[in-house]
Amino acid sequence: MVYYLIVCRSLTYAQRTAAALERAGITAYILRSPRIIAGEGCSHSVKVSERNLARALLVLERVGLSPRRIYIISGDGGYKEVLL
């Protein structure tokens, strides 16, 4: 299965993001962003499946929680930024 990481600026925003998605019926997992995509400082991400990404982005826009960046997790374990 293909997954996406929605990068948030802090743990609090990741928790708010995951809670908003769960309220909308979208399964979401909070995790520390991999060092390769975190950039400077620490950040957290919310992991969602490919089939839920479009709906997740609509939910987040509606509640005012726009993501910093979005990455797709490739089959070899790498990350590629998704431009929206």
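Here a trainee and a mentor talk through the fold, sheet and core of a predicted model.

Trainee: Where do I start? What is the order of elements from the N terminus on?

Mentor: Walk along the chain and you get β-α-β-α-β-α-β-β. That makes three helices and five strands.

Trainee: And the overall dimensions? What does the radius of gyration say about the chain?

Mentor: Compare it with what a compact globule of that length would have. For 84 residues that would be near 12 Å, and the chain has 12 Å, so the two agree. Along the principal axes, the C-alpha atoms fill a box of roughly 30 × 30 × 20 Å. As for contacts with a separation of 6 or more, 66% are between residues 24 or more positions apart.

Trainee: On to the sheet. In which order do the strands sit?

Mentor: The general idea is that strands of a sheet pair through backbone hydrogen bonds, either parallel or antiparallel. In this model, five strands form an open sheet in the order S2-S3-S1-S4-S5, with antiparallel pairing. From one strand to the next, the twist averages 35 degrees.

Trainee: Which strands stand at the edges?

Mentor: Strand S2 (29-32) and strand S5 (79-81) do; each has a single partner strand, so one side of each lacks a neighbour in the sheet. For S5, look at strand S4 (residues 69-73): three bridges join the two, which run antiparallel. One residue pair to click on is Ile72 with its bridge partner Lys80 in S5.

Trainee: What does H1 lie across?

Mentor: S1, S2 and S3, and H1 runs at about 20 degrees to S3.

Trainee: Now the core. Which of its residues touch the most other members?

Mentor: In soluble globular proteins, nonpolar side chains tend to be buried together. Here the largest nonpolar core has 17 residues, and Ile6, Leu21, Ile26, Ala28, Val46 and Val48 touch the most other members. Two or more residues each come from strand S1 (3-8), helix H1 (11-23), strand S3 (44-49) and helix H3 (53-63).

Trainee: Let's zoom in on Val46. Is Val46 buried or exposed?

Mentor: Buried counts as under 20% relative accessible area, and Val46 has 0%, so Val46 is buried. Val46 lies in strand S3. Leaving out residues up to four places away in sequence, Val46 touches a list that includes Ile6, Ala14, Leu21, Ala28 and Ile30.

Trainee: And which residues is Val48 in contact with?

Mentor: Setting aside neighbours within four places in sequence, Val48 contacts Tyr3, Tyr4, Ile6, Leu21, Ile26, Thr27, Ala28 and Leu53.

Technical notes:
Residues numbered from 1 in each chain as written. Predicted model: local features only at pLDDT ≥ 70, side-chain atom pairs only at ≥ 80, totals over all residues. Heavy atoms only, no water. Core = buried A, V, L, I, M, F, W, Y, C linked by side-chain atoms within 4.5 Å. Buried < 20%, exposed > 50% of the residue type's maximum accessible area, 1.4 Å probe, protein only. Helix = DSSP H or I, 4+ residues; strand = E, 2+ residues; numbered from the N terminus. Contact = heavy atoms within 4.5 Å. Pairing = 2+ DSSP bridges. Axes fitted to C-alpha atoms, helices over the stretch in contact; angles between N-to-C directions. Rg over C-alpha atoms; globule rule 2.2 N^0.38 Å.
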